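Biologist: Shall we go through this model together, with me asking how each label was earned?
Modeller: Gladly, let's bring it up.

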Amino acid sequence: MKLYADTADLNDLETLAAWGVLSGVTTNPTLLSKVEGEEGEIYRRVCELVDGPVSAEVVAEARGEMVSEGRRLAAIHPNIVIKLPMGAESLAATNTLAHEGIRVNMTLCFTAPQAMLSASAGAAFVSPFLGRFDDIGQNGLTTLAEIVEAFAMSDYETEVLAASIRHPIHVVEAARMGADIATIPPKVFYQMLQHPLTASGTAQFTADHEARQAKKATEVSQ
Ligand code: E4P
């Protein structure tokens with residue numbers, strides 16, 4: 001499963017890109033609102049930092065305007081993918097953009113039928129959300145599993161992009177269910193990195209190495 005970063009924060013992207021673990025990036029208007037600067041310039045910088053699909057979300061609500069905004073965003077960089085919120089206008093816009101060779105990521109998918117409509121309209125990615133199901137006391141992993149299973153038995157080329165990830169267990173479960181991609185907030189990447197036994201083991205190795213060096217130095221000086 002490929003790992004994307006779910007952020008527009010350039011400092012976090014620089015850090016995570018240096019780890020060599022990123023295959024792409026997703027953004028949304030909320031994430032973008034947390035970053036200073038002109039929108040086009042932010043997307044350009046993200047594309048420079050990460051070599052892979054970078055989702056940029058449209059804010060227009062009617063299909064014609066969605067298509068125009070999508071074309072404008074796609075012209076920023078060849079790696080830009082147009083993110084559209086699930087709905088009838090977005091399905092129509094997806095179909096137009098896909099025929100022009102512009103990739104679409106259908107976001108805010110909460111059911112398998114929504115994902116199937118998106119794939120049939122030509123979306124390159126569908127984004128089932130996990131955490132927002134948790135927020136209302138439901139299990140998003142069930143829907144993710146349904147979508148992965150339905151797509152595996154169809155001839156869709158659409159990739160399943162698990163989104164709204166809130167903790168490392170979501171990432172592991174998405175992989176176990178066969179999602180193609182998980183888009184992960186920086187905070188969760190940093191949580192994935194850590195384990196107390198890794199920290200204590202590293203400290204122990206360092207202490208033992210230093211003790212050996214100190215012993216050698218004492219022996220030489222005698
Ligand atoms: C999807 O691509 C969205 O950017 C994102 O995963 C939303 O996550 P949230 O529910 O934590 O806002």
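Biologist: What phi does Gly122 take, just after H6?
Modeller: Gly122 takes a positive phi of about 110°. This is a predicted model, where local features need pLDDT of at least 70 and side-chain atom pairs count only at pLDDT 80 or more, while totals for chains, interfaces and linings use all residues. Residues are numbered from 1 along each chain as its sequence is written, and side-chain values use heavy atoms, with hydrogens and water left out.

Biologist: What makes H6 a helix?
Modeller: Helices are DSSP runs of H or I with at least four residues, strands are runs of E with at least two, and both are numbered from the N terminus. H6 covers residues 112–121.

Biologist: What makes Thr111 a cap of H6?
Modeller: A side-chain oxygen of Thr111 lies 3.0 Å from the backbone nitrogen of Gln114, at the N-terminal end of H6. A polar contact is a pair of N or O atoms within 3.5 Å; within protein, one must be able to donate a hydrogen and the other to accept it, and residues adjacent in sequence count only if both atoms are side-chain atoms. H1 has its own N-terminal cap in Asp9, with a side-chain oxygen 2.9 Å from the backbone nitrogen of Asn11.

Biologist: Why is Tyr43 called buried?
Modeller: Its relative accessibility is 2%, so Tyr43 counts as buried (under 20% relative accessible area; exposed is over 50%, partly exposed in between, with a 1.4 Å probe and protein chains only). Tyr43 sits in helix H3, residues 39–49.

Biologist: Which residues is Tyr43 in contact with, leaving aside its neighbours within four places in sequence?
Modeller: Contact means heavy atoms within 4.5 Å, and Tyr43 has such contact with Thr27, Leu32, Ala56, Glu57, Leu73, Ile76 and Ile80.

Biologist: Which residues of H1 are buried?
Modeller: In H1, residues 10–19, they are Asp12, Leu13 and Leu16.

Biologist: How do you know that the buried residues of H1 line one face of the helix?
Modeller: Seen down the axis of H1, they fall within an arc of 95°, so they line one face; the arc is that of the directions from the helix axis to the C-beta atoms. The face turned away carries the exposed residues Asn11 and Ala18.

Biologist: What do the buried residues of H1 pack against?
Modeller: Their partners are strand S1 (2–6), strand S2 (24–26), H3 and H10.
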